[in-house]
Amino acid sequence: MVCDYSNLRGRALDWALQAHSQQWISQQTRLALETCEALSQAPPAPHRPLFVAFMGGTGVGKSSLLNRLAGRPIAKSGIARPTSREVTVFYHRDIDLPELPLQGVTLAPHDDAAQKRMVWIDMPDFDSTDAANKALVLQWLPHIDVLLYVVSPERYRDEKAWQLLLAQGTRHAWVFVMNQWDMGLPAQADDFVHQLALAGFEAPLIFKTSCTQALDEDEFALLTHTLHELATQKTGEQLYYHSQKARINALKRQLEKALAEVGEMTVSDALPVHWTKHHHVFAKQLRQGVAWKFPALTAQFAAQASEVQATSVELNLWDAWAQSRFDDVLNETVLYARHKQLPSGPLDFQLRAVRANARKILHDAVEWEIREALAKRGTWLARALLKAVGAAEVILPLAAMGWVGYQVVDGYYQSNQTHLHYLSVDFAVHSVLVMGLSWLVPFFILKKCQPSLEKSALRGINKGITRGLSALNMAVMSAMSAFFTQQQQQHKALTQFVSDCDALSAQPLSVEANSPLARMLIFERE
């Protein structure tokens with residue numbers, strides 16, 4: 001389980017780093033995943049001792065309890081040290097301590113064979129204003145099996161230690177000691193039991209002790225006996241797997257939160273529909289907003305096409321107003337995605353290129369269509385008719401000249417045969433008129449029916465705007481498609497992580513119900 005969980009946690013952290021950089025999850029979620037604890041050790045080896053730590057607020061008597069257990073003053077207590085600022089480890093000298101953070105730690109070895117299965121640790125006061133105390137406690141917690149939560153009648157509602165209990169409750173076994181009970185009241189013990197019930201302990205183990213006065217109901221001996229009974233190989237393994245399952249479930253909860261931030265796949269159809277609706281409105285507004293520029297542009301393109309104007313025409317259809325309106329539509333789409341519980345950051349990132357290139361996309365489309373319109377003026381039917389008239393402008397004069405020539409030759413032949421007059425003046429006049437009209441009529445039609453450059457340029461502008469808006473729509477749709485593809489990939493990776501957590505959370509060793517160990521644990525509800 002160690003290798004599998006460590007690998008899963010490492011992959012999840014790598015994913016979180018990548019997902020946060022792409023804005024799929026928030027920094028808070030990434031940090032929450034990073035705070036998921038790694039496994040501190042492999043399953044306990046045979047003869048591994050039980051690590052029991054005294055934890056509590058200032059002045060509740062933790063050090064005094066450890067000194068009473070050791071039978072000698074191994075930890076400073078009372079006036080000599082009103083606030084615990086160091087860790088003291090009381091262990092059998094034959095025990096090889098595992099890899100523990102022992103720097104600056106007070107080691108107190110002993111030769112008591114009865115204590116050989118136990119390692120007792122006195123922790124710093126958690127409620128101290130010194131931040132180093134809290135950091136030291138958190139550094140040692142992964143190595144602890146049982147936390148001996150020591151309180152006093154006056155300080156059993158300590159807020160800082162209580163927050164630690166709520167945060168770490170499922171990862172450790174807990175035994176509670178109401179120390180200084182000679183000054184306590186039954187109502188305080190009952191209230192303490194009620195507070196523990198709120199934290200999840202149904203029947204907590206609570207022992208009443210006093211290190212200053214002899215009490216008939218002092219339960220220190222019962223406390224040590226209970227812990228010694230738990231110092232077995234089976235209990236160590238049960239505690240290990242219980243702790244690791246709590247860590248796996250904590251990782252799973254954070255992954256499920258990240259999954260919620262990535263968003264549901266079921267809303268992928270709503271976003272394109274919303275965009276299409278607003279795109280139609282934007283297209284209409286854009287046409288109306290730039291229509292006043294058409295006359296000047298058509299005149300400039302017509303002059304350029306007729307070589308009256310040598311300089312190029314600068315398109316300025318997509319100005320600051322058009323860009324602002326386009327940005328508004330894109331921002332509205334991003335806000336709608338956020339309303340649908342989709343991460344807006346990755347979508348906005350995909351749309352950045354469209355924002356930056358919108359002007360170029362529209363102007364390229366308009367310029368292409370204008371050039372096309374000026375090169376092919378008029379409709380295809382009008383162009384076909386003009387081609388026919390142009391052909392007639394050549395063919396008809398040639399046909400007229402051919403007919404006149406034929407009449408001249410034929411008249412000459414007839415005059416020789418019949419001695420009639422050779423061609424009259426009327427024939428010459430009519431011949432000139434026929435040839436002139438055969439050329440002049442097609443020429444006049446071509447001149448008068450030729451589509452104007454201005455109208456052609458205007459048609460090109462309108463077609464170009466339509467084409468440009470379509471290209472912008474396709475670019476936004478492509479950005480959305482890339483967004484949903486990435487979302488699917490993130491969703492798939494997270495779903496696999498959660499599934500791996502479920503596979504790892506199977507607990508090999510169960511804890512018997514109503515056993516002392518079961519009363520020391522908080523079991524998470526599935």
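Which residue lies over the face of tryptophan 181? In this predicted model, the answer is lysine 208, at 5.5 Å from the ring centre.

Let me now turn to the chain as a whole. The protein chain has 526 residues, and 45% of them count as buried. It contains 16 helices and seven strands. Among contacts with a separation of 6 or more, 80% join residues 24 or more positions apart.

Aromatic rings offer an example. The count of aromatic pairs comes to 13. One of them joins tyrosine 149 and tryptophan 174 edge-to-face, with 6.0 Å from centre to centre and 80° between the planes. Tyrosine 149 belongs to strand S5 and tryptophan 174 to strand S6, so this pair ties together parts that are 25 residues apart in sequence. Both tyrosine 149 and tryptophan 174 are buried. Tyrosine 149 also pairs with phenylalanine 176: the ring centres are 5.7 Å apart and the planes stand at 85°, so this pair too is edge-to-face. Phenylalanine 176 lies in strand S6, and the parts tied together here are 27 residues apart in sequence. The relative accessible area of tyrosine 149 is 2%, while that of phenylalanine 176 is 0%. Tyr149, Trp174 and Phe176 are among the members of one aromatic cluster, which also includes Phe192.

Next, the helices. In helix H4, residues 131–140, the buried residues are Asn133, Val137 and Trp140. They lie on the same side of H4, because they cover an arc of only 70° around the axis. In general, an α-helix has 3.6 residues a turn, so residues three or four places apart point the same way.

Finally, threonine 333 is found in helix H11. Threonine 333 is buried, at 0% relative accessible area, and its contacts include Leu271, Trp275 and Met480.

Note on methods
Residues numbered from 1 in each chain as written. Predicted model: local features only at pLDDT ≥ 70, side-chain atom pairs only at ≥ 80, totals over all residues. Heavy atoms only, no water. Buried < 20%, exposed > 50% of the residue type's maximum accessible area, 1.4 Å probe, protein only. Helix = DSSP H or I, 4+ residues; strand = E, 2+ residues; numbered from the N terminus. Arc of directions from axis to C-beta. Contact = heavy atoms within 4.5 Å. Phe/Tyr/Trp six-rings, centres within 6.5 Å; stacked < 30°, edge-to-face > 60°. Lys NZ or Arg CZ within 6 Å of the ring centre and 35° of its normal.
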